[in-house]
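I opened this entry to keep track of what I looked up, in the order I looked it up. Burial comes up early, so I settle that term before anything else.

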Amino acid sequence: MKEVNDFLEDEWFVVRHSGEMPEVAYHSAIFFLTRDEEGPRLALQENEHMFLKEAAAERYREIVLRDLQAENRGTPAYRGIQRSIHNYRRFKQFCAREEFDMGRFAEKVSLSLQSILKVEAQERAEGLQSSALNCTFDELSGFADELGLDQGILSEELANLCSESS
């Protein structure tokens, strides 16, 4: 018979590798473990909830940063900066609802955004590859503000590379 830790580890794996909607996977895991008629109907302790919450948070971190890495452009996994913006905001909302501390993640996102924008600008200046900026300049500017970035990093060249609408 399965032990509590076995059930938790199985659900941790599902949440951690959940795709684009970690929060949905987290709540599904909690439901399965605690209330589903076919589940084990456990009474989870706070640390067990936190174990699964951290799996969702780690997945959010991964998908936010994935779309801010220049080396991922052109790969099947890459969704673009617009998706990163949406996933970052979903992660913030998840953290607020679940009373989970994002820590210094905004700083990491900020550095990653600056890095991909620098690569984009440099490649355009060298006449290489078409732009991977799939967000509007307003979306990009709002995201930069949200991350506490100086608007000076958003050049006119980048504005011209952004999509007209989304």
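I call a residue buried when its relative accessible area is under 20%, and exposed when that area is over 50%. The model is predicted. With that cut-off in hand, I checked two aromatic residues and found that Y26 is buried, and F94 is too.

**Entry: the aromatic pair**

How do the rings of Y26 and F94 sit relative to each other? Their centres are 5.7 Å apart and their planes stand at 85°. Edge-to-face pairs are those with planes over 60 degrees apart, so I log this one as edge-to-face. I then looked up where the two residues sit in the chain. Y26 belongs to helix α2, residues 22-34, and F94 to helix α4, residues 81-98. The pair links distant parts of the chain, 68 residues apart.

I searched the whole structure for aromatic pairs and got seven. One aromatic cluster takes in Y26, Y60, Y88, F91, F94, F105 and F143.

**Entry: the chain as a whole**

I counted seven helices and zero strands. Read from the N terminus, the order is α-α-α-α-α-α-α. Along the principal axes, the C-alpha atoms fill a box of roughly 60 × 30 × 25 Å. The chain has 166 residues, and 43% of them are buried.

I also looked at contact range. I took contacts between residues at least 6 apart in sequence, and 66% of these join residues at least 24 apart.

For the surface, I noted an accessible area of about 9,300 Å². Carbon and sulfur atoms account for 49% of it. How many charged side chains are there of each sign? I found 19 positive and 32 negative. The centres of the two sets lie 1 Å apart.

**Entry: the core**

Nonpolar side chains tend to be buried together in soluble globular proteins. I therefore looked for sets of buried nonpolar residues joined through side-chain atoms within 4.5 Å. The largest nonpolar core holds 45 residues. Which of its members touch the most others? They are I81, V109 and L113. The elements giving two or more residues to this core are α1 (4-16), α2, α3 (46-66), α4, α5 (105-125) and α6 (137-146). Helix α3 gives the most, with eight residues.

I followed V109 further. Setting aside residues up to four places away in sequence, V109 touches V64, L65, L68, Y88, F143 and L147. Two of these, Y88 and F143, also turn up in the aromatic cluster.

**Entry: I85**

I85 lies in helix α4. Is I85 buried or exposed? Its relative accessible area is 3%, so I85 is buried. Beyond neighbours within four places in sequence, I85 is in contact with C135, E139 and F143. I also checked a distance to I153, which is 68 residues away along the chain. The C-alpha atoms of I85 and I153 are separated by 17 Å.

**Entry: R61**

R61 lies in helix α3. I looked up its burial as well, since the residue is an arginine and counts as positive. The relative accessible area of R61 is 15%, so R61 is buried. Leaving aside neighbours within four places, R61 is in contact with E54, F91, F100 and F105. Among these partners, F91 and F105 belong to the aromatic cluster. My last check was R61 against L128, 67 residues apart along the chain. Their C-alpha atoms are separated by 29 Å.

Key:
Residues numbered from 1 in each chain as written. Predicted model: local features only at pLDDT ≥ 70, side-chain atom pairs only at ≥ 80, totals over all residues. Heavy atoms only, no water. Helix = DSSP H or I, 4+ residues; strand = E, 2+ residues; numbered from the N terminus. Buried < 20%, exposed > 50% of the residue type's maximum accessible area, 1.4 Å probe, protein only. Contact = heavy atoms within 4.5 Å. Areas by Shrake-Rupley, 256 points an atom, 1.4 Å probe, with all protein chains shown as cover. Charge placed at Lys NZ, Arg CZ, Asp CG, Glu CD. Phe/Tyr/Trp six-rings, centres within 6.5 Å; stacked < 30°, edge-to-face > 60°.
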